[in-house]
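Let's take a walk through this protein, with the sequence and the 3D view side by side. Have both open as you read.

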Amino acid sequence: MQIYVVKEHDSLDSIADAYMVNAEEIAYANQISAPYPLAVGQALLIPTQEENYQKQEVYVNGYAYPYIRSEVLTETLPYLTTLSVFSYGFTPNGTLIPPQVDDSRMIHEAWSKGVAPILVLTPFDQTGMFNNYLISEITHNMTAQQNLIDQMLLLMEEKGFAGIDLDFEYILPEDRVSYADFVANVRAQASLKGYTVSVALAPKTSANQKGLLYEGKDYKLLGAAADSVLLMTYEWGYTYGPPMAVAPINKVREVVEYAVTEIPTEKIDLGIPNYGYDWTLPFVQGTSKARTIGNVEAVQLAIENDAVIQFDQTAMSPYFHYEKDGLQHEVWFEDVRSMKEKFHLITEYGLRGMGYWQIMRLFRANWLLLDDTFEIHRI
């Protein structure tokens, strides 16, 4: 695969002729519909003749809600090792709470494609927010903890899950050790039945990093307690923050550089965002709220508004500005160039693989690039 950045006066046919490939193949790979409009600055993945070379084997996980569209799930599954079902919750006494939408279809389809389904456990309260009290209760109340573990293991056997992913956020500093002990306890009991246990980690750059997202997550303890970890290396640009890249590679690298000092590289998965944000300007802290958009949708937005897509050489991420209804907008998203940078980081540090948040929107060019770059591990 090669990457081409669209210039002024380019057309799909002229690009196809230059590479001596079929224009329809380029359109398919990049999800371009007739009459095949392009945006200046748009990065296109060009399908070219495959070369034979040794590829690094990686684990690839994708998070998805049970209401994911069938066609998106079907096309994405061949590029995954595991499929994380988001999510199960629990009560203070350890009663497991299933997702609002039945996940049986996801689990069945995952196995039919050779992909292992993973149960994601989150300490959500009734409002769908992370709850400190739930975390404290389940990590200190051993009766409730055992009740939760028993219910998870029973349900996993009944439904066909292959592992557990613990996505606990905003852990209180005083629960740092007890949470790591909880992860170790889950793994000890799950491994007896052949299940794996992974844990999501906030993107820290030092052991003593301040902030509620970070202080309760001990990289060394959690790296030892779990089979694998996911570095949540995204959300620098986020819904309520100022416009910037969701996963700037310079910031992502800082997290990886710290993580490999605390956790074996063969346990580390890099978090990759499959989305972008559209901000209305001017940004006002406490008032502004960015709109979440898909990466393909972002390019379409640029085309519709005659915007030129730029590429930030520090963040290694694409962005553009446009005006609509008298309002200025700034958009940051991911394209094959920014994905390639993240893939390079995985190779450079010899990481175990990657985890996508999330796969609800199809980004075909990403999956084709991934398949061209790595050998995907199969369970």
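What follows covers a pocket, the nonpolar core and some strand pairing, all in a predicted model.

## The second largest pocket

Let's start with some empty space. The second largest pocket holds about 380 Å³. It has 25 lining residues, and Thr82, Ile118, Thr196, Ser228 and Arg352 sit closest to its centre. If you want to find the pocket on screen, those five are handy to click on.

Strands do a lot of the lining here: E3 (57–64), E4 (82–90), E6 (116–121), E7 (163–166), E8 (196–201) and E9 (228–231) each give two or more residues. E3 has the largest share, with 4 residues. As for chemistry, the lining is a mix of 10 nonpolar, 11 polar and 4 charged residues.

## The nonpolar core

Now for the greasy part. The largest nonpolar core counts 105 residues, and the ones touching the most other members are Leu83, Leu121, Leu166, Phe168, Met354 and Tyr356. Helix H6 (residues 142–159) is the top contributor, giving 7 residues to this core.

Phe168 is worth a closer look. Leaving out residues up to four places away in sequence, Phe168 touches Phe90, Leu121, Thr122, Pro123, Phe130, Ile135, Ile138, Tyr179, Phe182 and Lys217.

## Strand E11 and its partners

Which strands pair with E11 (residues 276–281)? One is E12 (residues 291–293), antiparallel to E11 over 3 bridges. Here Gly276 stands opposite Ile293.

Another is E15 (residues 327–332), which also runs antiparallel to E11 and is joined to it by 5 bridges. In this pairing Tyr277 faces Trp332 across the strands.

Conventions: Residues numbered from 1 in each chain as written. Predicted model: local features only at pLDDT ≥ 70, side-chain atom pairs only at ≥ 80, totals over all residues. Heavy atoms only, no water. 1 Å grid on protein atoms, 1.4 Å probe; cavity = no way out; pocket = protein on both sides within 12 Å on 5 of 7 lines; lining within 4 Å. Points joined across faces, edges and corners; volume = space filled by probe spheres on them. Nonpolar A, V, L, I, M, F, W, Y, C, P; charged D, E, K, R; others polar. Pairing = 2+ DSSP bridges. Core = buried A, V, L, I, M, F, W, Y, C linked by side-chain atoms within 4.5 Å. Buried < 20%, exposed > 50% of the residue type's maximum accessible area, 1.4 Å probe, protein only. Contact = heavy atoms within 4.5 Å.
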